[in-house]
Amino acid sequence: MTVRIGIIGAGVMGADHARTLHESVSGVAVTAIADPLIERAQAVAAATGAKCFASAEELIASSFVDAVLIASHDSAHAEQVINCLEHRKPVLCEKPLAPSINECQDLVDRQRDMGRSVPLISVGFMRRFHPAYQDLKARVEDGTIGQPLMMLSSHRNVRSYPDATSASTITNSAIHEIDITAWLLDSAIESVSWHAPKSTSQDPGRQDPQILHLRTADGALTVVDVFLNARYGYDVRCEVVGEWGTAELARPRPTIINGQMTASTQYADDWRPVFADAYRRQSQAWVDSLISGRRSPLATAEDALQAIRAAEALVASMESGGATISINHNHTAATMSATEHKERTVTNVR
Ligand code: ISE
């Protein structure tokens, strides 16, 4: 069986997903690409012979498409996922599922109301498929380092993408750290706080870097620095400190160059080479689940809702100058406006 996939968004990630699916994933054909910039869609479609659409709606409705991968702007995700649900088509949506609690809660509710035993929504928190993160999780679970006490993480990009804000640093980039913390420690994030060191002169429009504190239900604390204009290279670090040892991601050192009395290694320019294998394994796992009819092993809409709750709480902490904000995961945010949510959480300052 071949699953025919339509990709929405022919930007950096849409193009990357198309290449990965076409060249490295079995059981799949990329049959459609949609982008409002049709030349962009055509450029991505060239290698796969996919049909091009100028609108996401047409692609989702197309009889050439069995399942949809969404790699459009974060702000378009919710509407496009709803459209996939209406057409009963499985969808892998890039993170964040949507940039607000209300939208994510709405998607969770709509999917639940469909009453399907196999949910349609999967979310692209690809780090869960990165072999080194999986090994780290296994070490935490098998007790090698004892009870995890804290996690020290860094998320450093060479340069920020255009039109980003201090808040989207959290909802678009730090959301990876939020998801990986809860997944690795197998414990929901219960409270957060946001801190600002001196900001770089490279990006005057926003606070960069940012320091985030994420406290999980079992009391562990993750400290993350997110620095989107770090310039020196794409660099992701993670060390879990346990009661009698630590486990950390090895720093990427594919080659060592020796010369001029110096040994040096190179950094990637962005996340794609670093996580190429994770993207491939995630896509293969998704396609395999579609072929077998089993539940997708990817992050769920509920996982994405938990992550955006922590992200919104961090934005609220930012807006209140660094207060500690509690997160209530039992709360149905669908009934609250974003402002009400912010007010409610800010009053929960410890
Ligand atoms: C981007 O959207 C990603 O998903 C990357 O993994 C992340 O490193 C980057 O900061 C985000 O902007």
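Visitor: What makes a pair of cysteines a disulfide here?

Guide: Two cysteine sulfur atoms have to lie within 2.5 Å of each other. Keep in mind that this model is predicted. Searching the whole structure with that cut-off turns up 0 disulfides.

Visitor: How do you know that Cys84 is in no disulfide?

Guide: Check its nearest cysteine sulfur, which belongs to Cys93 and sits 8.5 Å away. A disulfide needs the sulfurs within 2.5 Å, so at 8.5 Å the sulfur of Cys93 is too far from that of Cys84 for a bond.

Visitor: Why is Cys84 called buried?

Guide: Buried means under 20% relative accessible area. Cys84 has 0% relative accessibility, so it counts as buried.

Visitor: And what makes Cys93 count as buried?

Guide: The cut-off is under 20%, and Cys93 comes in at 0% relative accessibility, so Cys93 counts as buried too.

Visitor: Which residues touch the most other members of the largest nonpolar core?

Guide: That core has 55 residues, and the ones with the most fellow members in touch are Leu59, Val68, Val81, Leu97, Ile121 and Val192. Helix α10, residues 301-319, is the biggest giver, with 12 residues. Domain 1 (3-126 + 275-300) and domain 2 (128-271) each supply at least three residues. Apart from this core lies another one, of 44 residues, including Val30, Ala50, Leu69 and Tyr279.

Visitor: What does Ile121 touch, leaving out residues up to four places away in sequence?

Guide: Contact takes heavy atoms within 4.5 Å. On that basis Ile121 touches Val81, Leu85, Val91, Leu97, Leu107, Gln111 and Ala301.

Methods:
Residues numbered from 1 in each chain as written. Predicted model: local features only at pLDDT ≥ 70, side-chain atom pairs only at ≥ 80, totals over all residues. Heavy atoms only, no water. Core = buried A, V, L, I, M, F, W, Y, C linked by side-chain atoms within 4.5 Å. Buried < 20%, exposed > 50% of the residue type's maximum accessible area, 1.4 Å probe, protein only. Helix = DSSP H or I, 4+ residues; strand = E, 2+ residues; numbered from the N terminus. Domains from an automatic or database assignment.
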